[in-house]
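Visitor: I am new to looking at protein structures and would like to study one part closely. Could you take me through a single residue with care, and then show me how it fits into the rest of the chain?

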Amino acid sequence: CATCQVSCATCSTLATTCGTCAGGATRTQSGSTCPCTTGYFEANTASCSQCDYKCTTCTTSATNCVTCSSSNFRTLSSTTCPCDAGYFDNSVSVCATCHFSCSTCNAAGSSACQTCSSANHRTLSGTAPNTCPCDAAYFEASVSACSACSYGCATCTTSASNCASCPAGRTLSSNACACNVGTFDNGVQACASCLANCLTCTTASSCTTCPTNRSGPTCICNIGFF
């Protein structure tokens, strides 16, 4: 009797006309042939050899990927299946999710970031541990994108209006950045100047306190003064 092809457990007529397949679960019968099951490659032995965990299919060697699984968050690059951005290789087929603050990472947690997203207002710390803290004028909201501080704050924590530091022209008091004396809040970061007559004001022409010998909403000179 002649020997069947290595992939066949039984054959007829020709060595390559398989009746049943060798290699157990590593081969799947297709008509009269016995190609390797998905996730295995032809090693010219009865049993196919298993592809590397990163590959969906491979050829000639375990690490020579032909296709990758998008459901495993992998995309083919040359002959490898690296993890997609936002995921990292955890030595299993399915890539693990990076910490929400990282764009790319090499392990779990907020201290394993490799790159950060400027669109999310984050910048790589540059020193170990590699984190992606929020940029100035933004605060951590425990999601990928940092949230903007209130216009009056230079920096803030936990909420937009909980100021941690103030821009020039404002003074921190009870986690708020009040305009300095002689200026008022005009709805932008830079405080606007009161009239020269006012000590404090709510608008440019509406004084709330006046210097000595002045009074009224525009701090005009009192009678007997000029």
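**A close look at Arg27**

Guide: Let us begin with Arg27, which lies in the loop between strand S2 (18-21) and strand S3 (40-41); please keep in mind that what you see is a predicted model. Arg27 has a relative accessibility of 4%, and because a residue counts as buried when that value is under 20%, Arg27 is classed as buried. Its side chain makes a polar contact with the side chain of Glu42, at 2.8 Å. Glu42 also appears in the list of residues that Arg27 touches, a list that leaves out residues up to four places away in sequence. Among the other residues in that list are the cysteines Cys21, Cys34, Cys36 and Cys48, together with Ser7, Pro35 and Thr45.

For a second viewpoint, turn to Thr157, which is found in the loop between strand S13 (155-156) and strand S14 (163-165). Thr157 has a relative accessible area of 39%, and since partly exposed residues are those between the 20% limit for buried and the 50% limit for exposed, Thr157 is described as partly exposed. If residues up to four places away in sequence are again set aside, Thr157 touches Phe139, Asn162 and Ala164. Thr157 and Arg27 are 130 residues apart along the chain, and their C-alpha atoms are separated by 59 Å.

Further along, strand S19 (residues 200-203) and strand S20 (residues 206-209) run antiparallel and are joined by three bridges. Thr200 has Thr209 in S20 as its bridge partner, and the two strands S19 and S20 form a hairpin with two residues between them.

Now we can step back to the protein chain as a whole, which contains 22 strands and zero helices. Its radius of gyration is 35 Å, whereas the globule rule gives 17 Å for 226 residues, so the chain is more spread out than a compact globule. The C-alpha trace spans about 130 × 30 × 25 Å along its principal axes. Of the contacts in the chain with a separation of 6 or more, 8% are accounted for by residues 24 or more positions apart. As for the surface, 24% of the 226 residues count as buried, and Arg27, with its 4% relative accessibility, is one of the buried residues. The protein chain exposes about 12500 Å², of which carbon and sulfur atoms supply 56%.

Terms used. Residues numbered from 1 in each chain as written. Predicted model: local features only at pLDDT ≥ 70, side-chain atom pairs only at ≥ 80, totals over all residues. Heavy atoms only, no water. Helix = DSSP H or I, 4+ residues; strand = E, 2+ residues; numbered from the N terminus. Buried < 20%, exposed > 50% of the residue type's maximum accessible area, 1.4 Å probe, protein only. Polar contact = N/O pair within 3.5 Å; in protein donor to acceptor, adjacent residues only side chain to side chain. Contact = heavy atoms within 4.5 Å. Pairing = 2+ DSSP bridges. Rg over C-alpha atoms; globule rule 2.2 N^0.38 Å. Areas by Shrake-Rupley, 256 points an atom, 1.4 Å probe, with all protein chains shown as cover.
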